[in-house]
Amino acid sequence: MHPLIEKALTNHHLEKNELVELLYNDNTNQELFAAADETRRQYVGDGVHLRGLIEFSNFCRNNCCYCGLRRDNKNIERYRIDEDTIFMLAEHAARNLGLKTVVLQSGEDMYFDREKLCSVIRRIKTLGVALTLSIGEKSLEDYQAYKKAGADRFLLRIETTDKQLYLDNDPGMSFENRVECIKNLGRAGLEIGTGVLVGLPGQTIDSYADDILFFKEVNADMIGIGPFIPHPDTPLKDAAGGTLDMALKVMALTRLLLPDINIPATTAMETLTPNGQAKALKAGANVIMPNITLTQYRRHYELYPGKSTTGYTPDESLKAVKDKISALGRFVAEGPGFHEKKNFLP
Ligand code: 5AD
Ligand code: SF4
């Protein structure tokens, strides 16, 4: 075994230059994936946690250069799902599909203010599920109010820790504010989910190593990593996009350095390569987020083209995910799947 992979497997720590070395080296990918798989098994077991994803609004005030929901994209039909329908989808997920976590995701849609969100959070919490929000940058007071209403977790990717690259790709946004928002999630008592894109034009191996160290620094509970997939209605339409292998490598190293956290096999991985999620589940991932949005809305929630869940119903998406899990000899985990901190060195 490569000495650095062995070191990561026993110490769960690597220096930046060591991360860089493994990220450059393509001869040890299989060993790296196997080591991450072993760490995943030891720390979080064979159960795969399912999180039912509801994409409840595709309005967004931001203009991220990589994203199909960016405000300057006039080629999409914008929609909002009303509170009763959001609740109905969550209820179906909890009562009929047996899901233990519901994730509410949207663009940064100012229509859903604190009061409206807290009201829907309170209603969904009566179903006895864990609730995750993925709705962008808000104030600390907002995050505290969501927590008080019953929200458990929040996903806000840093997207990249390369500040210049962040500013280039997220026009009008502040890198410092994004970091502050991520830290505020923890201050508000929410589980912190963050993560990055892999394969933006100009994104470097050096910055992926920084990304992984950043995940440790903010004490992340969940990390989502997805290959960048160019969208035709964005300024990055002609970019090359990310590769599954690099996304899996960043993910596998994240598992080795943060052994007990939750890591999803992302939809972007599956979209880029059929079987991408299965590969991720064998390289450190322990979570899948089946899409439970109504079919009629899915094609409008096009962060990137060809999203693997477009066109299916909630029940079909769940079945596809369950089949994938059993084909690997794994099983759907019981319980809400909070981050249980385990002791490890150092
Ligand atoms: N390719 C892959 N992922 C994307 N996201 C946005 N646009 C793209 C794209 N073109 C990701 C961002 C965001 C998450 C909700 O979707 O990382 O945080
Ligand atoms: Fe909006 Fe998020 Fe897309 Fe950026 S990545 S444009 S914040 S939906």
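**Figure 1. Composition of the shell around ligand 1 in the predicted model.** The shell around ligand 1 comprises eight nonpolar residues, one polar residue and two charged residues. Its members are Tyr 66, Cys 67, Gln 105, Arg 157, Glu 159, Leu 197, Pro 227, Phe 228, Ile 229, Leu 303 and Tyr 304. Two backbone approaches to nitrogen atoms of the ligand are shown: a backbone N or O atom of Tyr 66 lies 2.8 Å from a nitrogen atom of ligand 1, and a backbone N or O atom of Ile 229 is likewise placed 2.8 Å from a nitrogen atom of ligand 1. The side chain of Arg 157 contributes a polar atom 2.8 Å from an oxygen atom of ligand 1. Taken alone, ligand 1 exposes 410 Å², of which the protein buries 88%.

**Figure 2. Glu 159, a member of the shell around ligand 1.** Glu 159 occupies the loop between β5 (153-155) and α7. With a relative accessibility of 11%, this residue counts as buried. Its backbone has a positive phi, near 70°, in a residue other than glycine. Most residues other than glycine have a negative phi.

**Figure 3. Surroundings of ligand 2.** Ligand 2 is surrounded by Cys 60, Asn 62, Cys 64, Tyr 66, Cys 67, Leu 69, Arg 70 and Gly 107. By class, this shell around ligand 2 divides into five nonpolar residues, two polar residues and one charged residue. Tyr 66 and Cys 67 are listed around ligand 2 and also around ligand 1. Cys 60, one of the residues around ligand 2, is buried, with a relative accessible area of 19%.

**Figure 4. Cys 118 and the absence of disulfides.** A disulfide is a covalent bond between the sulfur atoms of two cysteines. A search of the whole structure finds zero disulfides. Cys 118 accordingly takes part in none, and the nearest cysteine sulfur, belonging to Cys 181, is 16 Å away. Because its relative accessible area is 7%, under the 20% limit, Cys 118 counts as buried.

**Figure 5. His 231 and its polar contact with Glu 302.** His 231 belongs to the loop between β7 (222-227) and α10 (244-257). The side chains of His 231 and Glu 302 are joined by a polar contact of 2.6 Å. At 0% relative accessibility, His 231 counts as buried. Leaving aside neighbours within four places in sequence, His 231 is in contact with Tyr 66, Gly 68, Asn 73, Lys 237, Glu 302, Leu 303, Tyr 304 and Pro 305. Among these contacts, Tyr 66, Leu 303 and Tyr 304 also appear in the list of residues around ligand 1.

**Figure 6. Asn 286 in the loop between α12 and β8.** The loop that holds Asn 286 runs between α12 (276-281) and β8 (287-288). Asn 286 has 0% relative accessibility and counts as buried. A polar atom of the Asn 286 side chain lies 2.8 Å from the backbone nitrogen of Ile 263. Apart from neighbours within four places in sequence, the contacts of Asn 286 are Arg 40, Val 44, Gly 47, Val 48, His 49, Arg 255, Ile 261, Asn 262, Ile 263, Leu 281 and Arg 330.

**Figure 7. Met 173 in the loop between α7 and α8.** Met 173 is located between α7 (163-169) and α8 (175-187). Its relative accessibility of 12% places Met 173 among buried residues. Met 173 and Asn 63 are 110 residues apart along the chain, and their C-alpha atoms are separated by 9.0 Å. Neighbours within four places in sequence aside, Met 173 is in contact with Asn 62, Cys 64, Glu 137, Tyr 166, Leu 167 and Arg 178. Of these contacts, Asn 62 and Cys 64 are also residues around ligand 2.

**Figure 8. Leu 140 in helix α6.** Helix α6 spans residues 140-149 and includes Leu 140. At 23% relative accessibility, Leu 140 counts as partly exposed. Not counting residues up to four places away in sequence, Leu 140 touches Asn 184, Arg 187 and Ala 188. The C-alpha atoms of Leu 140 and Asn 184 are separated by 5.7 Å, with these positions 44 residues apart along the chain counted as their separation.

**Figure 9. Backbone of Asn 219.** Asn 219 is found in the loop between α9 (205-217) and β7. Although not a glycine, Asn 219 has a positive phi of about 60°.

Definitions and conventions. Residues numbered from 1 in each chain as written. Chains lettered and ligands numbered in written order. Predicted model: local features only at pLDDT ≥ 70, side-chain atom pairs only at ≥ 80, totals over all residues. Heavy atoms only, no water. Near = heavy atom within 4 Å. Nonpolar A, V, L, I, M, F, W, Y, C, P; charged D, E, K, R; others polar. Polar contact = N/O pair within 3.5 Å; in protein donor to acceptor, adjacent residues only side chain to side chain. Areas by Shrake-Rupley, 256 points an atom, 1.4 Å probe, with all protein chains shown as cover. Disulfide = S-S within 2.5 Å. Buried < 20%, exposed > 50% of the residue type's maximum accessible area, 1.4 Å probe, protein only. Helix = DSSP H or I, 4+ residues; strand = E, 2+ residues; numbered from the N terminus. Contact = heavy atoms within 4.5 Å.
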